[in-house]
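Visitor: I would be grateful for a close look at one part of this structure, with attention to its aromatic rings and their surroundings. Please explain each step for a first-year student.

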Amino acid sequence: MIEAAMTETAARPLRVVMLDRETISPETVLRPQAFPHELVVYQRTARDEVAARIADADIVVTNKVPVRADALEGAARLKLIAVAATGTDVIDLAACTARGITVSNIRGYAVHTVPEHTFALIFALRRSITAYLEAVRRGRWQEAGQFCFFDYPIRDLAGSTLGIIGDGSLGRSVARVGEALGMKVLFAAHKGRTGMGSLYTPFEDLLRTSDIITLHAPLRPATRNMIGAAEFALMERRPLLINTGRGGLVDEVALGEALRSGQIGGAGFDVATAEPPPADHPLMGLLDLPNFILTPHVAWASREAIQSLADQLVDIIDAFQRGEKRNVVN
């Protein structure tokens, strides 16, 4: 639908096309752009609808809808793609660069929400919160016949080792929380790389020595399936594995094997290779395990964070119209 058309003075207002408004909470306020424009809002867009919907756009806003080279061929007016997220793997950056299309993303909005969700998963698993909740629901407390029972392990975080893969703003925020909780914090060197300095722990050493491993890396060819069967075999301390980063960083079949064999102590995932995952997806087959938690890609989604994202998105587009490029990724 066309949500707003503003201008009587221009022959044609700039057209801003938003492809997937439904991926941003309905509570979030998207303030109007500061320049005359026509805003076309789609709640959802299928892949085969992208080309037609962006054909007359000057600016495109997308969160998770892919914009590939074939869709760009007919978008002669397109000058800016504003990605309503940090990850830009849904955009064909090379094709955009070749066509002179600027791609910008959102940065820094999730420095509280993602670390908080990361530690919510860590606390829930380290103290077996969900396992005990389900046991109470089944009547286990009454069956125990005393004030408590000890069916599932409970471990403190203080004194444990937190291994962080990814040293961007989110990884650093997680590190600060871990240090405040009395944890020893390690940052992983890039897999297969040496000489990164004393602030980084060799990748394989981090896997061997960490009690909890948390992933905050982007999904790139070099990071896809960075944790697989060989890496699980190195995890001597049976750590928890937390992934609030990207689906695809972990071999999900190998994850299931590691959980069921006891190679790792538990896993908390907020992302999957397919979202939503189909019923036969490897992660869906792990939901019967008391030491596995799967949340629906909501680590980023606190009310405060989404509003910050929306405000930054509008600012990026306004700045672009003034001739200022912000958060450019291509």
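Guide: A charge is taken to sit over a ring if NZ of Lys or CZ of Arg is within 6 Å of the ring centre and within 35 degrees of the ring normal. Please keep in mind that the model is predicted. One contact of this kind involves Arg 53, which lies over the face of Tyr 42 at 3.9 Å from the ring centre. Another involves Arg 140, whose charged end sits over the ring of Phe 149, 5.1 Å from the centre of that ring.

Phe 149 leads us to the part that deserves the close look. The structure has 4 aromatic pairs. Among them is the pair of Tyr 132 and Phe 149, which is tilted, with 5.5 Å from centre to centre and 55° between the planes. This pair links distant parts of the chain: Tyr 132 belongs to helix α5 (residues 129–137), while Phe 149 is in the loop between α6 (140–144) and β7 (161–165), 17 residues apart. Both Tyr 132 and Phe 149 are buried.

Tyr 132 has a further partner in Tyr 152. The centres of these two rings are 5.4 Å apart and their planes stand at 90°, so the pair is edge-to-face; planes over 60 degrees apart fall into that class. Here too distant parts of the chain are linked, since Tyr 132 is in helix α5 and Tyr 152 is in the loop between α6 and β7, 20 residues apart. Ring pairs thus join Tyr 132, Phe 149 and Tyr 152 into a cluster.

The accessibility values add to this picture. Buried means under 20% relative accessible area, and Tyr 132, at 14% relative accessibility, therefore counts as buried. Tyr 152 has a relative accessible area of 22% and is therefore partly exposed.

The backbone also merits attention. Most residues other than glycine have a negative phi, and most peptide bonds are trans. Ser 128, in the loop between α4 (113–126) and α5, has a positive phi near 55° although it is not glycine. Ser 128 is at 9% relative accessibility, so it counts as buried. Elsewhere, His 297 has a positive phi of about 50° and is likewise not a glycine; His 297 is found in the loop between β12 and α11 (303–321). Finally, the peptide bond from Glu 275 to Pro 276 is cis, with omega near 0°, and Pro 276 is located in the loop between β11 (266–269) and β12 (292–294).

Key
Residues numbered from 1 in each chain as written. Predicted model: local features only at pLDDT ≥ 70, side-chain atom pairs only at ≥ 80, totals over all residues. Heavy atoms only, no water. Phe/Tyr/Trp six-rings, centres within 6.5 Å; stacked < 30°, edge-to-face > 60°. Helix = DSSP H or I, 4+ residues; strand = E, 2+ residues; numbered from the N terminus. Buried < 20%, exposed > 50% of the residue type's maximum accessible area, 1.4 Å probe, protein only.
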